[in-house]
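Here are my notes for you on this one. Keep the picture open while you read, and find each residue as it comes up.

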Amino acid sequence: MLTEKQKESFKQQLLEMKKEAEEELEEYKDDRLKNDYENDDTGEISSVADHPGNLGTDQFEREKEQTFYEKSREKLMEVNDALQRMEEDRYGLSEKSGEPIPLERLEAMPTARYRVDEMEDE
């Protein structure tokens with residue numbers, strides 16, 4: 001079982017991770033708002049592209065930003081879930097078996113929900 005000092009340390013880590021994820025989401029949201037106009041990324045005045053490759057590049061950049069946004073959103077959900085488990089005094093226990101998650105695993109991944117040996121069953 002985790003000591004109160006360890007729990008507090010993990011809670012601080014999780015709160016920092018939450019802050020980072022919220023800032024990332026806000027940044028991506030701001031970037032998306034800036035792109036109200038289709039040609040903002042390329043700096044083109046006309047909506048007619050000079051080269052078809054520009055359209056592909058713009059599409060790639062939008063998809064990349066969407067991927068980063070989704071990763072940040074997932075990270076925030078995982079952190080919030082870990083904080084909820086902490087409030088319910090279930091943090092550090094496997095959701096599958098109820099066994100304690102090793103300290104090393106929590107140090108590497110504070111949002112861990114399962115023991116490593118249980119992850120192989122998935």
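1. From the N terminus on, the elements run α-α-α-α. That gives four helices and zero strands. Bear in mind that this is a predicted model.

2. Next, the chain as a whole. Buried residues make up 24% of its 122 residues. The chain exposes about 8700 Å², and carbon and sulfur atoms supply 49% of that. Now take the contacts with a separation of 6 or more: residues 24 or more positions apart account for 56% of them.

3. How many aromatic pairs does the structure hold? There are two. One of them is formed by Phe10 and Tyr91, and this pair is tilted, with 5.8 Å centre to centre and 50° between the planes. Phe10 sits in helix α1 (residues 4-34) and Tyr91 in the loop between α2 and α3 (103-108), so the pair links distant parts of the chain, 81 residues apart. With a relative accessible area of 4%, Phe10 is buried, and Tyr91 is buried at 5%.

4. The rings of Tyr28 and Phe68 have their centres 6.2 Å apart, and their planes are at 20°, so this pair is stacked. It also links distant parts of the chain: Tyr28 belongs to helix α1 and Phe68 to helix α2, 40 residues apart. Are these two buried or exposed? Tyr28 is buried, with a relative accessible area of 13%, while Phe68 counts as partly exposed at 36%.

5. Another ring to look at is Tyr114: Lys96 lies over its face, at 5.8 Å from the ring centre.

6. Now for the charges. Side chains of opposite charge can pair when their charged atoms come close. A search of the whole structure finds 11 salt bridges. One of them joins Lys75 and Glu20, with the closest N and O atoms 3.5 Å apart. Because Lys75 lies in helix α2 and Glu20 in helix α1, this pair ties together parts that are 55 residues apart in sequence. Lys75 is partly exposed, with a relative accessible area of 23%, and Glu20 counts as partly exposed at 34%.

7. Other salt bridges stay within one helix. Glu4 pairs with Lys7, their closest N and O atoms being 3.9 Å apart. Both lie in helix α1, three residues apart, which is about one turn of the helix. Glu4 is exposed, with a relative accessible area of 61%, whereas Lys7 is buried at 16%. In helix α2, Glu61 and Lys64 are likewise three residues apart and so about one helical turn from each other. Their closest N and O atoms are 3.1 Å apart. Glu61 is partly exposed, with a relative accessible area of 30%, and Lys64 counts as partly exposed at 29%.

8. I'd finish at Arg85, in helix α2 (residues 52-87). Is Arg85 buried or exposed? Arg85 counts as buried because its relative accessibility is 1%, and the cut-off for buried is under 20%. A polar contact of 2.5 Å joins its side chain to that of Asp81. Leaving out residues up to four places away in sequence, Arg85 touches Arg90, Tyr91, Glu95, Thr111, Ala112 and Arg113. Tyr91 you have already met as the partner of Phe10.

9. Which residues are linked with Arg85 in a network of salt bridges? They are Asp81, Glu95 and Arg113.

Note on methods. Residues numbered from 1 in each chain as written. Predicted model: local features only at pLDDT ≥ 70, side-chain atom pairs only at ≥ 80, totals over all residues. Heavy atoms only, no water. Helix = DSSP H or I, 4+ residues; strand = E, 2+ residues; numbered from the N terminus. Buried < 20%, exposed > 50% of the residue type's maximum accessible area, 1.4 Å probe, protein only. Polar contact = N/O pair within 3.5 Å; in protein donor to acceptor, adjacent residues only side chain to side chain. Contact = heavy atoms within 4.5 Å. Areas by Shrake-Rupley, 256 points an atom, 1.4 Å probe, with all protein chains shown as cover. Phe/Tyr/Trp six-rings, centres within 6.5 Å; stacked < 30°, edge-to-face > 60°. Lys NZ or Arg CZ within 6 Å of the ring centre and 35° of its normal. Salt bridge = Lys/Arg side-chain N within 4 Å of Asp/Glu carboxyl O.
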